[in-house]
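Here is a protein chain to explore step by step. Take a moment to turn the structure around, and then follow along through its helices, strands, pockets and a few chosen residues.

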Amino acid sequence: MPLFKKRSVVIQAIQLNPNYNSILKVSQFIEGKEDVNQNGSRFKDYCDSVINNGSVIIETNKGLGRLYMTNWLVKGEQGCFYTIKNKHFLETYEEITEKL
């Protein structure tokens, strides 16, 4: 019987946590830009809503999905977003510390 090994891939990922800075970083990751507007009450209201609901709605290749607190948002090889529960992420991925 042939054996198979999951091939190594390098992914980009970010974890959602219940604080404004984390929500900002997730928003920047999704938008693909650093200049997400965080001024004014709209961003604060958005962050409060995310914290109260415990999730962010994201667009994936399978339609709309939810990124729940402490779970990870992954940008795959093809640029598609998907979510992974924290436990599974930590069992599957390790952080790369050296420059590629």
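Is Gln 38 buried, partly exposed or exposed? Keep that question in mind while we get our bearings. What you see is a predicted model, and we will come back to Gln 38 once the surroundings are clear.

Let us begin with the whole chain. Its secondary structure comes to three helices and five strands. If you walk along the sequence, these elements appear in the pattern β-α-α-β-β-β-β-α. The C-alpha trace spans about 60 × 30 × 20 Å along its principal axes. Of the 100 residues in the chain, 30% count as buried. Contacts also tell us how the chain folds back on itself: among those with a separation of 6 or more, 43% join residues that are 24 or more positions apart.

Now look at the two helices that follow one another in the pattern, α1 (20–31) and α2 (40–53). Two packed helices are described by the angle between their axes and the distance between the axes. Here the axes of α1 and α2 come within 10 Å and cross at roughly 100°. Angles from 65 to 115 degrees count as roughly perpendicular, and therefore α1 is roughly perpendicular to α2. Which residues make this meeting? From α1 come Tyr 20, Ile 23, Leu 24 and Ser 27, while α2 brings Phe 43, Lys 44, Tyr 46, Cys 47, Asp 48, Val 50 and Ile 51. Sorted by class, the contact has eight nonpolar, one polar and two charged residues.

Gln 38 is found in the loop between α1 and α2, so we can now return to the opening question: with a relative accessible area of 40%, Gln 38 is partly exposed. That value falls between the cut-offs, because buried means under 20% and exposed means over 50%. Not counting residues up to four places away in sequence, Gln 38 touches Leu 24 and Phe 43. Both of these partners also take part in the meeting of α1 with α2. For a sense of distance, try Gly 63: it is 25 residues from Gln 38 along the chain, and their C-alpha atoms are separated by 26 Å.

Compare this with Gln 28, which lies in helix α1. Gln 28 counts as buried because its relative accessibility is 13%, and the cut-off for buried is under 20%. Leaving aside neighbours within four places in sequence, Gln 28 is in contact with Lys 33, Glu 34 and Val 36.

Val 36 leads us on to a pocket. Rolling a probe the size of a water molecule over the atoms shows where empty space is left. The second largest pocket holds about 300 Å³ of space, and Val 36 is one of its lining residues, together with others including Ser 27, Asn 37, Phe 43 and Ile 57. Helices α1 and α2 and strand β2 (55–60) each supply at least two residues of this lining. By class, the lining residues divide into six nonpolar, three polar and two charged.

What about the largest pocket? About 600 Å³ of space lies there. Its lining is made of 18 residues, and Val 9, Val 10, Ile 11, Tyr 93 and Glu 94 lie nearest its centre. Both β1 (12–15) and α3 (86–92) supply at least two lining residues, with α3 giving the most, three residues. The lining divides into ten nonpolar, three polar and five charged residues.

Helix α3 is also the place of Phe 89, which counts as buried at 8% relative accessibility. Beyond its neighbours up to four places away in sequence, Phe 89 touches Ile 11, Ala 13, Trp 72, Val 74 and Ile 84. Trp 72 sits 17 residues from Phe 89 along the chain, yet the C-alpha atoms of the two are separated by 7.2 Å.

Our last stop is Asn 71, in the loop between β3 (63–68) and β4 (72–75). Is Asn 71 buried or exposed? Its relative accessible area is 12%, so Asn 71 is buried. Setting aside residues up to four places away in sequence, Asn 71 touches Ile 14, Gln 15, Leu 16, Ile 84, Lys 85 and Asn 86. Ile 84 is a partner of Phe 89 too, and with that shared contact the tour is complete.

Methods:
Residues are numbered from 1 along each chain as its sequence is written. This is a predicted model: local features need pLDDT of at least 70, side-chain atom pairs count only at pLDDT 80 or more; totals for chains, interfaces and linings use all residues. Side-chain values use heavy atoms; hydrogens and water are left out. On a 1 Å grid over the protein atoms alone, a cavity is a set of points where a 1.4 Å probe fits but cannot get out, and a pocket is an open set with protein on both sides within 12 Å along at least five of seven lines; lining residues have an atom within 4 Å of a point. Grid points are joined across faces, edges and corners, and a volume is the space filled by probe spheres set on the points. Helices (H or I, at least four residues) and strands (E, at least two) are DSSP runs, numbered from the N terminus. Ala, Val, Leu, Ile, Met, Phe, Trp, Tyr, Cys and Pro count as nonpolar, Asp, Glu, Lys and Arg as charged, and the others, Gly among them, as polar. Axes are lines fitted to C-alpha atoms, for helices over the stretch in contact, and angles run from 0 to 180 degrees between N-to-C directions. Angles under 35 degrees count as roughly parallel, over 145 as roughly antiparallel, 65 to 115 as roughly perpendicular and the rest as oblique. Contact means heavy atoms within 4.5 Å. Buried means under 20% relative accessible area, exposed over 50%, partly exposed in between (1.4 Å probe, protein chains only).
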